[in-house]
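Student: I've got this model open and I'd like to talk through its packing and its hollows. Let's take it region by region.

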Amino acid sequence: MYDVAVIGAGITGACIVRELSKYDLKIIVIEGSYDIANGATKANSGIVHAGYDAKEGTLKAKLNVLGNRMYEDLCRELNVPYKNNGSLVIAFNDEEMKTLELLLNRGLKNGVEGLEIIDKNTLLNLEPNISDRAKGALYAKSAGIVSPYELALSLCESAYLNGAEFIFDAKVTNIIKEKGKFTISTSKGQIISNFVVNAAGVNADEINKMLGGEKFSIIPRRGEYCLLDKSQGNIVNRIIFNTPTEKGKGILVSPTTHGNLLLGPNAHVIEDKLDVSTTGFGLEEVIEGAKKNIKNVNLREIITSFSGVRATPSTGDFIIDVPTRGAVNAAGIESPGLTSAPAIAIMVLELLHKEGLTLNFKSDFKNGRILPKRFIDMNDEEKKAAIEKDKRYGKIICRCEQITEGDIVNAINCPLGAKTVDGVKKRLRAGMGRCQGGFCMPRVVEILSRELKTEPENILKADSGSYILTGKTK
Ligand SMILES: Cc1cc2nc3c(=O)[nH]c(=O)nc-3n(C[C@H](O)[C@H](O)[C@H](O)COP(=O)(O)OP(=O)(O)OC[C@H]3O[C@@H](n4cnc5c(N)ncnc54)[C@H](O)[C@@H]3O)c2cc1C
């Protein structure tokens, strides 16, 4: 029997459970997939938006600006890569310059600080690789970049260290409320809880239906990306956006926190909420969109492509409400959901408290991570000591990112550890380098199979059904 059950371990659920774990509560996170951050949280632009996009008065506008202000401290506390590098919205003609004025005014109304419109000369001084056709830009100094899945992982690790429980591969299939308690049926059995939080991403409409909430739907909108090698990471220093149109924010060009260059996303409504495939047409759209804004980028340095699915709400705004007494929806969390998540968590806790959840602050709340420091991040003395203690630290498995066997064994065996190849990748960056796992993936499969005591054929790439090997050939 739990005080609170949180459905979904994306960035929304992760921020909520971490916030809840500051109080004397018995909490469980119910996650349908094999890992933390397997939904939209693993495949997005990683931008901490300034907050001039969303219409004034909406939850998106309010929580974006509040969330943005919380980011720097949160990432420092959790030791997660974050950079306040600022963003630029580029205008190419007078019409677009007028749109920049509208965005500036909206941003000021939303409470965004550090916003200004700059002319062509100032823009090209800041970013010499912007197209010569640019006329000016909206400069938002408070925008930044973060590693979204690393943040979600470290939030969950922190919650775990403070007593929160997690169950994976447990898809919620039904919820019944009786005598003030929720019986949550999952593919791994039933869980009973006094309070429920719905943070189920693209499936939040289905969970809301199970809770008997007012009807809304989630429209899946896919966005595709190209990721370029670190050799292109310095083409721009800031996040570069097109001037938005009715269709959305357009294609951005941004450095990542690990020094790569990201191009994307496009936006297309799709049928299947779980379809994260990429298409030739879509990637062409991304490349053309990016080329409009920047010059001198070497597109031969694209090392991978991927896509993520936005949970677009039929209401047009985040849905953070009470579908039935004792339950809270955090639904329709599309962009700027990553930015807003820390502020969404505060709002969800306020709603839970209003619903009767007692919040007694823990005196022994612990900050910290479960995952030990990676070998590459150690100083020389630490490296020497690590190899002396465990020889596997002396064996490099991922050559591109310099990840050792010792790191991988830790990432698998620690609480909330990796169970899949992508799980290892998200925790350590093994397979994220130039060769994209060409060299290390077979070795990572071998190590996972050995440590998890299962046949290599059973090792998955990311989630159920994503088999890598089909069987022995000899
Ligand atoms: C292409 C793209 C670009 C974006 N760029 C940005 C950006 O730059 N900045 C920004 O602020 N935001 C951005 N966003 C939005 C941001 O990524 C999302 O708002 C955020 O990741 C949503 O997190 P979440 O936890 O709500 O959902 P998710 O990360 O999708 O997590 C939901 C979780 O619920 C689980 N789940 C679903 N159904 C069930 C069930 N029945 N039972 C149990 N578990 C279940 C899923 O497995 C999943 O792990 C972008 C989104 C996309 C797709």
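Student: Which residues in α11 are buried?

Tutor: Ground rules: this is a predicted model, where local features need pLDDT of at least 70, side-chain atom pairs count only at pLDDT 80 or more, and totals for chains, interfaces and linings use all residues. Residues are numbered from 1 along each chain as its sequence is written, and side-chain values use heavy atoms, with hydrogens and water left out. Helix α11 covers residues 421-428, and eight of its eight residues are buried (under 20% relative accessible area; over 50% is exposed and in between is partly exposed, with a 1.4 Å probe and protein chains only). By name, they are Val421, Asp422, Gly423, Val424, Lys425, Lys426, Arg427 and Leu428.

Student: And what includes itself in the cover over those buried α11 residues?

Tutor: Elements here are DSSP runs numbered from the N terminus: helices (H or I, at least four residues) and strands (E, at least two). Past the end of α11 comes Arg429, with a positive phi near 80°. The cover over the buried residues includes α5, β22 (403-404), α10 (405-413) and α12 (441-451).

Student: Which element gives the most to the lining of the second largest pocket?

Tutor: A pocket is an open set of points on a 1 Å grid over the protein atoms alone, with protein on both sides within 12 Å along at least five of seven lines, and lining residues have an atom within 4 Å of a point. This one has 14 lining residues, and Asn79, Glu150, Arg369, Arg374 and Asp377 lie nearest its centre. Four of the lining residues are nonpolar, two polar and eight charged. With three residues, the top contributor is α11.

Student: What lines the second largest cavity?

Tutor: The whole structure has two cavities of 30 Å³ or more; in a cavity, a 1.4 Å probe fits but cannot get out. The largest is lined by Tyr52, Asp53, Val89, Phe241, Asn242, Pro244 and Lys249. As for the second largest, its lining is Leu371, Pro372, Lys373, Arg374, Tyr393, Asp407, Asn410 and Leu428.

Student: On to the packing. Which element gives the most to the largest nonpolar core?

Tutor: A nonpolar core joins buried Ala, Val, Leu, Ile, Met, Phe, Trp, Tyr and Cys residues through side-chain atoms within 4.5 Å. The largest has 55 residues, with Leu20 and Leu151 making the most contacts inside it. Elements supplying at least two residues each include β1 (2-7), α1 (11-20), α2 (59-78) and α5 (148-161). With ten residues, the one giving the most is α8.

Student: Which residues does Leu151 contact, leaving aside neighbours within four places in sequence?

Tutor: Leu151 is one of the two residues with the most contacts inside that core. With contact taken as heavy atoms within 4.5 Å, its partners are Ile11, Tyr71, Leu74, Cys75, Leu78, Val80 and Val146.

Student: Why does Phe166 count as buried?

Tutor: Phe166 sits in strand β9 (residues 165-167). Not counting residues up to four places away in sequence, Phe166 touches Val17, Val29, Cys156, Ala159, Tyr160 and Leu416. Phe166 counts as buried because its relative accessibility is 16%.

Student: How far apart are the end C-alpha atoms of residues 3-350?

Tutor: An unreviewed UniProt entry annotates residues 3-350 as "domain: FAD dependent oxidoreductase". That span is 30% helix and 29% strand. Its end C-alpha atoms are separated by 15 Å.

How values were computed:
Ala, Val, Leu, Ile, Met, Phe, Trp, Tyr, Cys and Pro count as nonpolar, Asp, Glu, Lys and Arg as charged, and the others, Gly among them, as polar. Grid points are joined across faces, edges and corners, and a volume is the space filled by probe spheres set on the points. UniProt positions are given in the numbering used here, feature names are shortened, and annotations may be inferred rather than shown by experiment.
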